[in-house]
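Could you walk me through this model in the viewer, one selection at a time? I would like to know what to pick next and what I will find there.

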Amino acid sequence: MPYRIELDTELVSASIAEVATSDWQQGLPTLRGQQVVLRELRASDAASLCALLTTEEVARFISPPPTTVEGFEKFIAWTLRQRTAGAYVCFAVTLRGFDTAIGIFQVRNLGSAFDTAEWGFAIGSPFWGTGVFEDGAELVLDFAFETLGVHRLEARAAVKNGRGNGALLKMGAVQECVLRQSFKKDGVYLDQALYAILDTDWGGKRAPITEPATVRVH
Ligand SMILES: CC(C)(COP(=O)(O)OP(=O)(O)OC[C@H]1O[C@@H](n2cnc3c(N)ncnc32)[C@H](O)[C@@H]1OP(=O)(O)O)[C@@H](O)C(=O)NCCC(=O)NCCS
């Protein structure tokens, strides 16, 4: 939950001048993967997200999520305002055939018209290690590079967050440096690794080179 409602005013006013209105600002498309469907958040997602994203293991290395269903409803309303303003998008993660939100992917504009952006994600722990993250991440990265027009997509992960770092590396993110004591969690400053994926990097991942069939000459 890297982005907070307190940033609302600042992000809305900064983005209006910079971002031309695009279709996704009117409403996010639904993205379908092998296992997951990513869609716009709805107020009714608050209960499942509150149950799944407030556990100690999920929240351990991220900015504190809301603590109540009502808090999540406010967060969801904020994400929709930010999307309309062209500053940020947040997808609900659902499993194919089920409509329950089990996690989120966020992308935030950091530069001019999303040329540089930052992504973040959180998924309920019953779904860790199942392929849900990778399936959803591919959809979000396609959306970021092809629809939002991102050139450089950054992410920060607490160095101690093994799964967060492993997930980013798996998607081809390159660790560029360590930001010393850049994140305060429960009163303790933690180091964060800064990662980036460039649009040119991602083109390579989505179209892996397949080995030509070996021709045996006898
Ligand atoms: C981050 C998150 C979405 C990733 O989803 P996930 O299902 O756990 O991710 P995956 O299992 O697909 O990938 C994690 C990778 O890290 C690896 N990993 C796990 N623990 C690790 C550790 N301690 N050190 C290094 N790598 C580790 C896994 O082996 C896996 O790689 P593999 O599939 O090649 O084996 C999920 O763990 C989550 O929601 N965490 C809480 C919120 C959070 O930390 N968000 C990220 C902020 S950067």
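Start with the ligand and select G162: a polar backbone atom of G162 lies 3.5 Å from a nitrogen atom of the ligand. Keep in mind as you go that this is a predicted model. Now add I123 to the selection, where a polar backbone atom is 2.8 Å from an oxygen atom of the ligand. Then show the side chain of R163, which places a polar atom 2.6 Å from a ligand oxygen. With these residues on screen, turn on a surface for the ligand: on its own it has 930 Å² of accessible area, and the protein covers 69% of that.

Next, widen the selection to the whole shell. The ligand is surrounded by 16 residues, and the closest are F121, I123, N161, R163 and K170. Colour the shell by residue class and you should see nine nonpolar, four polar and three charged residues. Which element gives the largest share of the shell? Helix 7 does, with five residues. Helix 7 (162-170) is joined by strand 5 (116-123) and strand 6 (152-158) as the elements that give two or more residues to the shell.

**Out from the ligand, into the sheet**

Select strand 5 and strand 6 together. They pair in the parallel sense, over three bridges. To find your place in this pair, pick T116, which stands opposite R152 of strand 6. Stay on strand 6 a little longer: six of its seven residues are buried, so this strand is largely enclosed by the rest of the structure.

Now show every strand. What is the order of the strands in the sheet? The order is 1-2-3-4-5-6-8-7, in an open sheet of eight strands with mixed pairing. At the edges you will find strand 1 (31-32) and strand 7 (174-185); each has a single partner strand, so one side of each has no neighbour in the sheet. As a reminder of what holds such an arrangement together, strands of a sheet pair through backbone hydrogen bonds, in either a parallel or an antiparallel sense.

From here, go to strand 4 (103-109) and select Q106, which is found in this strand. Is Q106 buried or exposed? Its relative accessibility is 0%, so Q106 counts as buried. Show its side chain along with that of Y88, and you will see a polar contact of 2.4 Å joining the two.

**A buried helix**

Select helix 3, residues 46-53. Six of its eight residues are buried, which means that the helix is largely enclosed by the rest of the structure. The buried ones to highlight are A46, S48, L49, C50, L52 and L53. What do they pack against? Show helix 4 (56-59), helix 5 (69-84), strand 4 and strand 5, and you have the partners of these buried residues.

**The loop after helix 4**

Move on to F61, in the loop between helix 4 and helix 5. At 14% relative accessibility, F61 counts as buried. Display its contacts, leaving aside neighbours within four places in sequence, and you get A158, K160, N161, F183 and L190. One of these, N161, also appears among the closest residues to the ligand. For a link across the sequence, draw a distance between the C-alpha atoms of F61 and D186: they are 125 residues apart along the chain, and 9.7 Å separates them.

**Two backbone angles to inspect**

Most residues other than glycine have a negative phi. Select A113, in the loop between strand 4 and strand 5: it is not a glycine, yet its phi is positive, at about 50°. A113 is partly exposed, with a relative accessible area of 35%. Then jump to Q181 in strand 7, another residue other than glycine with a positive phi, near 50°. Q181 counts as exposed, at 51% relative accessibility.

**Zoom out**

Finish with the full chain in view. It has eight helices and eight strands. Of its 218 residues, 47% count as buried. The chain exposes about 11200 Å², with carbon and sulfur atoms supplying 52% of that area. Among contacts between residues at least 6 apart in sequence, 67% join residues at least 24 apart.

Methods:
Residues numbered from 1 in each chain as written. Predicted model: local features only at pLDDT ≥ 70, side-chain atom pairs only at ≥ 80, totals over all residues. Heavy atoms only, no water. Near = heavy atom within 4 Å. Polar contact = N/O pair within 3.5 Å; in protein donor to acceptor, adjacent residues only side chain to side chain. Areas by Shrake-Rupley, 256 points an atom, 1.4 Å probe, with all protein chains shown as cover. Helix = DSSP H or I, 4+ residues; strand = E, 2+ residues; numbered from the N terminus. Nonpolar A, V, L, I, M, F, W, Y, C, P; charged D, E, K, R; others polar. Buried < 20%, exposed > 50% of the residue type's maximum accessible area, 1.4 Å probe, protein only. Contact = heavy atoms within 4.5 Å. Pairing = 2+ DSSP bridges.
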